[in-house]
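Me: I am new to this kind of model, and I would like to learn how to read its features one at a time. Could you take me through it?

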Amino acid sequence: MEKKANTIGIVGLSFGDEGKGKITDYLAQNADIVVRFQGGNNAGHTVVHNDNTFKFHIMPSGAVLEKEVIIGNGCVVDPKVLLDEIENLEIGGKKVNLKLSSTAHVIFPFHRDVDGLEEKFKGEYKAGTTKRGIGPTYSDKAARFGLRLYDLIHPNLLKKKLENLYEINKKIIHCYDPTWNKELDKIYEEYKDYGVKLKKYVIDTAYYLNKQIDSGKKVIFEGAQGTLLGIDHGFYPFGTSSNANATGISNGTGVPSNKIGPILGIIKAYTSRVGEGAVPSELENEIGDQIREQGHEYGTTTGRPRRVGWLDLFNIKYSVMINGVKDIAVMLLDALEGIDPLKICIGYEFEGEILESWPIQPEIVEKCRPVYKNFKGWDKRSREEWSSIANNGYDALPNEMKVYLDAVKEYLDVDIAIISIGPEREDTIILKEIF
Ligand code: IMO
Ligand code: MG
């Protein structure tokens, strides 16, 4: 038997919402620490336990199991959202064991306003953001105007640096809306208070995490969004502002890549997409509606109905390469029940040619025609029947599903480590123990 890893990265291989939260929660049973390394409260990670549903936006999903959780330097933090999530966990009787990177950047109310206004201005190039201020906060970080959590918890630094950040954002906002008027003093008072509340969690997490890993602690790096939404290797400009893939782990935590274990890639049995940008395998018909209902494809963060389509293995193959993935988890197979035939996209045709690899440029992707392979679908079953199948393991899966999974495995040249056929932790089948 293969040696189990001490650290593992969990990343989405498509456009987010692959089920990273559920898998993180499942593997967290064997972990000491769960770390978020990029993104902010644009994420929506759902964990279901004994009929209780927990939805996290910034808190790592390991919090449900009262594991130690860390928000790394690569994240952007909306302090109010974080404090609400801490409070909700505590109200639910959970002990919160949290550490925050002193160098993670802070989201302010004007970042949210800039987000909304810039989206409108971008017209056909808008990404359909979550309007949580993610992009503008990362912009200010890169422009070196931004405030870190270290500044937030030191009122004198907060006061001094916020003034600058406020003025520059006000200038931007006034280009779009000259009537905008949020008072600096009020923002300062509000954020000073957040700083007081968060101070006890803030440390140098890079140093702390390296020490913990060196002493043998088991660590999960929980990705947010998905590889195809990543700023460098995704579908720019229709994605998010961080590296939502394994390359983001090192710079988002300060843990060097030689200490980061295998990367588990998460995919759904079909494609879903919130926001804008071409999706060649999109289903704008009754089959799409059926998958949306059966998969409950409505955004955790914004409630938007998600666009859905056939599984696109062609773009996922690109993500497998970027992440160095050898093992994947396939989620929501139950949501394809009662649909026959099923199709999987296995290539793109562009101007009469079959492309060799996913073309990354939106201007090309929007002109591509997906090439499909057909598969026989599986029948509808009750929730109880799916749970009992999960209980009995791989052999109990419908034959058609096994054929579908074999095709995924073969095309991507990976092992399928985990299969999920329902929302609960128990609806998970483990084929390979990697962590
Ligand atoms: P989880 O972690 C799906 C999408 C938005 C938009 C683009 C940019 O739950 O998988 P942003 O607010 O980040 O500037 O929006 O990225 N997006 C997501 N889509 N799941 C997510 O997170 C997402 N986070 C952002 O819809 O197209
Ligand atoms: Mg989500």
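Reply: What follows is a walk through the pockets, a metal site and some aromatic rings of this model, which is predicted.

Me: How do I read empty space, and what volume does the largest pocket have?

Reply: The general idea is that rolling a probe the size of a water molecule over the atoms shows where empty space is left. Here the largest pocket has a volume of about 950 Å³, and among the 50 residues lining this pocket, Asn42, Ile134, Gly239, Thr240 and Ser241 come closest to its centre. Two or more lining residues are given by each of helix H3 (109-122), helix H4 (134-142) and helix H9 (247-253), with H4 providing the largest share, 7 residues. At least three residues of this lining come from each of domain 1 (7-101 + 204-430) and domain 2 (105-200).

Me: Which classes of residue make up the lining of the largest pocket, and which residues lie nearest the centre of the second largest pocket?

Reply: The lining of the largest pocket divides into 15 nonpolar, 25 polar and 10 charged residues. In the second largest pocket, which holds about 710 Å³ of space, Thr46, Gly295, His296, Leu332 and Pro423 lie nearest the centre, out of 33 lining residues. That second lining has 7 nonpolar, 13 polar and 13 charged residues.

Me: Which residues coordinate the magnesium ion (ligand 2)?

Reply: A metal site is read from its donor atoms and their distances. The magnesium ion (ligand 2) is coordinated by Asp17 through OD and by Gly44 through O, at 2.1 to 2.3 Å. These two residues are 27 residues apart, Asp17 being in the loop between strand S1 (7-12) and H1, and Gly44 in the loop between strand S2 (33-36) and S3. Asp17 counts as partly exposed, at 22% relative accessibility, whereas Gly44, at 13%, is buried.

Me: How many aromatic pairs are found in the whole structure, and how should I read one?

Reply: A pair of aromatic rings is described by the distance of the centres and the angle of the planes. A search of the whole structure finds 13 such pairs. Phe121 and Tyr176 have ring centres 5.7 Å apart and planes at 65°, and because an angle over 60 degrees counts as edge-to-face, the pair is placed in that class. Phe121 lies in helix H3 and Tyr176 in helix H6, so the pair ties together parts that are 55 residues apart in sequence.

Me: Is Phe121 buried or exposed?

Reply: Phe121 counts as exposed, at 64% relative accessibility, while Tyr176, at 32%, is partly exposed. Trp378 and Tyr404 form another edge-to-face pair, 5.3 Å centre to centre with 80° between the planes; Trp378 is buried at 1%, and Tyr404 is buried at 1%.

Conventions. Residues numbered from 1 in each chain as written. Chains lettered and ligands numbered in written order. Predicted model: local features only at pLDDT ≥ 70, side-chain atom pairs only at ≥ 80, totals over all residues. Heavy atoms only, no water. 1 Å grid on protein atoms, 1.4 Å probe; cavity = no way out; pocket = protein on both sides within 12 Å on 5 of 7 lines; lining within 4 Å. Points joined across faces, edges and corners; volume = space filled by probe spheres on them. Helix = DSSP H or I, 4+ residues; strand = E, 2+ residues; numbered from the N terminus. Nonpolar A, V, L, I, M, F, W, Y, C, P; charged D, E, K, R; others polar. Domains from an automatic or database assignment. Donors = N, O, S within 2.8 Å, 3.2 Å for Na, K, Ca; no water. Buried < 20%, exposed > 50% of the residue type's maximum accessible area, 1.4 Å probe, protein only. Phe/Tyr/Trp six-rings, centres within 6.5 Å; stacked < 30°, edge-to-face > 60°.
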